[in-house]
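Hi everyone, thanks for coming. Let me put the model on the screen, and then we'll walk through its binding site together.

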Amino acid sequence: MWRGLWTLVARAARGPRSPRPCTRQGSGVPVPGSGATIFALSSGHGRCGIAVIRTSGPASGHALRSLTAPRDLPPARSACLRLLSHPRSGEPLDRALVLWFPGPQSFTGEDCAEFHVHGGPAVVSGVLQALGSVPGLRPAEAGEFTRRAFAHGKLSLTEVEGLADLIHAETEAQRRQALRQLDGELGHLCHGWAGTLTKALAHVEAYIDFGEDDNLEEGVLEQANSEVRELQLALGAHLRDARRGQRLRSGAHVVVAGPPNAGKSSLVNLLSRKPVSIVSPEPGTTRDVLETPVDLAGFPALLSDTAGLREGAGPVEQEGVRRARERLEQADLILAVLDASDLASPSSRNFLDTVVAPAGAGSPNGNSQRLLLVLNKSDLLPPGGPDPSPNLRPHLLLSCLTGEGLDGLLEALRKELAEVCGDPSTGPPLLTRARHQHHLQGCLDALGHYTQTKDLALAAEALRLARGHLARITGGGGTEEILDIIFRDFCVGK
Ligand SMILES: Nc1nc2c(ncn2[C@@H]2O[C@H](COP(=O)(O)OP(=O)(O)O)[C@@H](O)[C@H]2O)c(=O)[nH]1
Ligand SMILES: [Mg+2]
């Protein structure tokens, strides 16, 4: 190996023209209003057992001393019981646990203090007022603690996003995914890819600078090319999966469809555990599309109840049918419901032919739509009798009336949704935001230019561009605008 090559690797990693690599160093992004010490209630609002108020910034130690007696700082990172009183009036406010986190070993990287007070509104507002009276302290803005953590290199941008997702997670799968992202899995993946590009760039630059040098190891350029090809394949695979991560964040579209009176609305109410839709023996009761967010077997879903699909109804119901068909086209998963005791009726046959069969066979664009076939009203079948339709594609028997078959349906839904949303327990890190997808695509496009160009200087530039896109996923070279959008997701006190 040519001796200078690793110097070039290092140069390519740092180089003046190169964007900041994916590292956990400080982002270099100025924090608006940094320098001030901020404070906020970090636990939820309202009456509760314990509320946590925290501060971050250089005056945190002074604030802690001003409010507590005795006035010396507690040992770092150890909880101490202290009497809190107003620094001006001396009025006692609460007996509370206080914690002192000297920077940089704190959440934000700055000096931080925490006050674990009793959660009554008067205690919380008294302590907040007391902190506001300490010179150099001001109330925090939404997401400001996390923004400071990012600015001081405590969290990468993908970890910040993971933290925001964790705070908003409503289902088990969302929590798992958010925790993985907060643990830095996506960041590590990008970091590894950026490392590959840095190496490829070093090889290309070595070739530019020393191509004629006999000591340059043979095949340096070929090695760079093959690394780029491998990376293209990996990025392509992740991009094909990109929709899954986004579904996991915002919920998969699950559309309940079927002929009138099959029990669609009953199923929506059963799955959402609330009376979302009117259930009635009268056909054509549901006309508009009714949507409800639900936790389906641990996955987030937007469940839509639709009008029963049939011909020849009045104009209002016809519009409902049109909307139902439109919604079916956008569905990530169709829950097709039929009345098990009425499979031979014209509306059942028509639904099987026009919706169920095409979904199984694959849609015109080549992507077969996911569909679960549910035969409802199993309680109307003779007990212990044969399958009502042995020739039908795989299906599940259910009775919304008795609840029989619900566990089997939830298990089938869990499997389907793990495919639709990606399985955060086992799969590779998911791209949960359009921002990730955009930069990964940008990286792939730049690598496309690399493979096409014959000019080595342009090839090196394409690699730098590609690496810049990866760096921006984890927060390198992020613009203020993007940061504002991301931090807006946080509440005050986080
Ligand atoms: N026996 C029986 N009746 C059901 C079941 N599910 C729904 N129904 C009844 O079937 C009728 C139509 O139900 P609904 O949910 O409004 O059907 P939709 O038109 O498909 O939305 C109502 O009278 C329900 O009470 C079931 O599992 N067993
Ligand atoms: Mg209905």
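A backbone N or O atom of Leu 401 sits 3.1 Å from an oxygen atom of ligand 1, a polar contact in the sense of two N or O atoms within 3.5 Å. Cys 400 does something similar: one of its backbone N or O atoms is 2.9 Å from a ligand 1 oxygen. Asn 376 uses its side chain instead, with a polar atom 3.2 Å from a ligand 1 nitrogen. On its own, ligand 1 exposes 570 Å², and the protein buries 86% of that; these are Shrake-Rupley areas with a 1.4 Å probe.

A quick word on provenance: this is a predicted model, where local features need pLDDT of at least 70, side-chain atom pairs need 80 or more, and totals for chains, interfaces and linings use all residues. Residues count from 1 along each chain, chains are lettered from A and ligands numbered from 1 as written, and side-chain values use heavy atoms, without hydrogens or water.

Who surrounds ligand 1? There are 16 residues around it, and Lys 264, Ser 265, Ser 266, Asp 379 and Cys 400 come nearest (near means a heavy atom within 4 Å). Helix H10 gives the most to that shell, three residues; helices here are DSSP runs of H or I, at least four residues long.

Now, which residues coordinate the magnesium ion, ligand 2? Ser 265 through OG and Thr 286 through OG1, at 2.1 Å; donors are N, O or S atoms within 2.8 Å of the metal, or 3.2 Å for Na, K and Ca, and with water absent, sites may look incomplete. Ser 265 lies in H10 and Thr 286 in the loop that follows, before strand S9, so the pair ties together parts 21 residues apart in sequence.

Definitions and conventions: Helices (H or I, at least four residues) and strands (E, at least two) are DSSP runs, numbered from the N terminus. A polar contact is a pair of N or O atoms within 3.5 Å; within protein, one must be able to donate a hydrogen and the other to accept it, and residues adjacent in sequence count only if both atoms are side-chain atoms.
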